[in-house]
Amino acid sequence: MSKALVLREKGSWTKLQVEDREVPPTAENVAVVKVLAAAVNPSDVKNVKGMMAHTTLPRVPGRDYSGIVVSGPAEWIGKEVWGTGGSAGFTSDGSHAQHISVPSESLTLKPQTLSHDQAAACGVGFLTAYQALIQNAELKSGESVIIIGARGAVGSAAAMLAKWKGAKVIGAVRGALPQPDHYVDAWVSTDDLSAFKDAVLSHTNNKGVDVAFDTVGGELFAKSLLSLAPHGRQVCIAVPPGQPTATFDLFDFYRRELRLFGLNTLTTSHVSAAEILKALAAGFDSGALVAPQVKPYSLSDAQKAYEAVANGEKGGKAVIQPWN
């Protein structure tokens, strides 16, 4: 038998219950992974609250995992792997369980420098950053990028990734500005939006940034577009609650030949995500990329992990250890 966190009714993480289930069966082109660590993401919280309309019940939630292959292709048995993406947690059972079934084609070796807790904590955040900056915006060495919300999970991953790829990184945050560090070359405030564009220009020789990565949305969406250099690219991944629309200067947009991308990682398959994880592994093993701090929870305390994520608690990425 295998223990799993099961959602039978949407509405709240308090409805999640630990149940005994059969270990997923072996099948052609499928591998079963013994999950040693599984992250809890904001999208997991939204999922159990009923905000993901396509999710079917009953369902084991969870997108990110790290563990050991226990069935599947012979050459993979016993290998330490990590994974994310696909339908896991939505229309197929996810990672908040002692076992998960995934396409064998999606198996990817865990970076040697990361523990299972650390590997599980990297999934969605670094996947999103890679798709936004590398696949969509095609960020290149020598270019500049501004990251709106650079201290968040996705934003901090994006800063590391951009610096690894040789870009100049500008972070945009509310409140007191941090000092520049190894990953962020300069910071600008989002408190006074009337001064936002000039602040960005001051760090780019009045040129503007080549890429803007907006992890916040709202009023900052249009302000970010205005901070772009000619031929600049902007990627948007979020909107604030109750603000699904934005207004921007279309004349300026086309005259300066800007480009705009929307990104929804829920459409990323296990196999596509695996290709990104393979690319990221080199960054982790070289030390260019660093896993976030982790706060572990047992499977029996999974509701507390969800609550911590829902409340935005600090102290580390919530990671469930299903065997503890």
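How many bridges join strand β3 to β14, and in which direction do the two strands run? I began my notes on this predicted model with that pair.

**Entry 1: strand β14 and its partners**

I found two bridges between β3 (residues 30–39) and β14, and the two strands run antiparallel. I looked for a facing pair and noted Ala-38 opposite Ile-320 in β14.

I then turned to strand β13 (residues 294–298), which is joined to β14 by five bridges and runs parallel with it. Here Ser-298 stands opposite Gln-321 of β14. I followed the chain from β13 to β14 and passed through helix α8 (residues 302–310); this β-α-β crossover is right-handed.

**Entry 2: cover on β14**

Is β14 enclosed or open, and how many of its residues are buried? I counted five of the five residues in 317–321 as buried, so the strand is largely enclosed by the rest of the structure. In a regular strand the side chains alternate between the two faces of the sheet. I therefore checked each side of β14, given that side chains alternate in a regular strand. On one side I listed Lys-317, Val-319 and Gln-321, and on the other Ala-318 and Ile-320; all are buried, and both faces are covered.

**Entry 3: Phe-90**

I located Phe-90 in the loop between β5 (80–83) and β6 (99–103). Its relative accessible area is 2%, and because buried means under 20%, I entered Phe-90 as buried. What is Phe-90 in contact with, leaving aside neighbours within four places in sequence? I listed Asn-47, Met-52, His-54, Thr-55, Thr-56, Arg-59, Arg-63 and Leu-266. I also noted that the C-alpha atoms of Phe-90 and Pro-61 are separated by 6.8 Å, with the two positions 29 residues apart along the chain counted as their spacing.

**Entry 4: helix α5**

Which residues of helix α5 (residues 219–226) are buried? I wrote down Leu-220, Phe-221, Ala-222, Ser-224 and Leu-225. I then looked up what covers them, and the cover includes β7 (144–148), α4 (196–202), β10 (209–214), β11, α6 and β12 (259–262).

**Entry 5: a nonpolar patch**

I next went to the surface, where Phe-248, Leu-250, Phe-251, Tyr-254 and Leu-260 form a nonpolar patch. Together these residues have about 500 Å² of accessible area. Which element gives the most to the patch? I found that helix α6 (residues 250–255) does, with three residues. Phe-248 lies in the loop between β11 (228–236) and α6. I entered Phe-248 as partly exposed because its relative accessibility is 31%.

How values were computed:
Residues are numbered from 1 along each chain as its sequence is written. This is a predicted model: local features need pLDDT of at least 70, side-chain atom pairs count only at pLDDT 80 or more; totals for chains, interfaces and linings use all residues. Side-chain values use heavy atoms; hydrogens and water are left out. Patches are made of residues with over 30% relative accessible area and no salt bridge: like charges are joined within 9 Å, nonpolar side chains (Val, Leu, Ile, Met, Phe, Trp, Tyr) within 5 Å. Accessible areas come from the Shrake-Rupley method with a 1.4 Å probe; for residues, only the protein chains shown count as cover. A salt bridge is a side-chain nitrogen of Lys or Arg within 4 Å of a carboxyl oxygen of Asp or Glu. Helices (H or I, at least four residues) and strands (E, at least two) are DSSP runs, numbered from the N terminus. Buried means under 20% relative accessible area, exposed over 50%, partly exposed in between (1.4 Å probe, protein chains only). Contact means heavy atoms within 4.5 Å. Two strands pair if DSSP finds at least two bridges between them. A crossover is right-handed if, with the strands pointing away from the viewer, the path from the first strand over the helix to the second runs clockwise.
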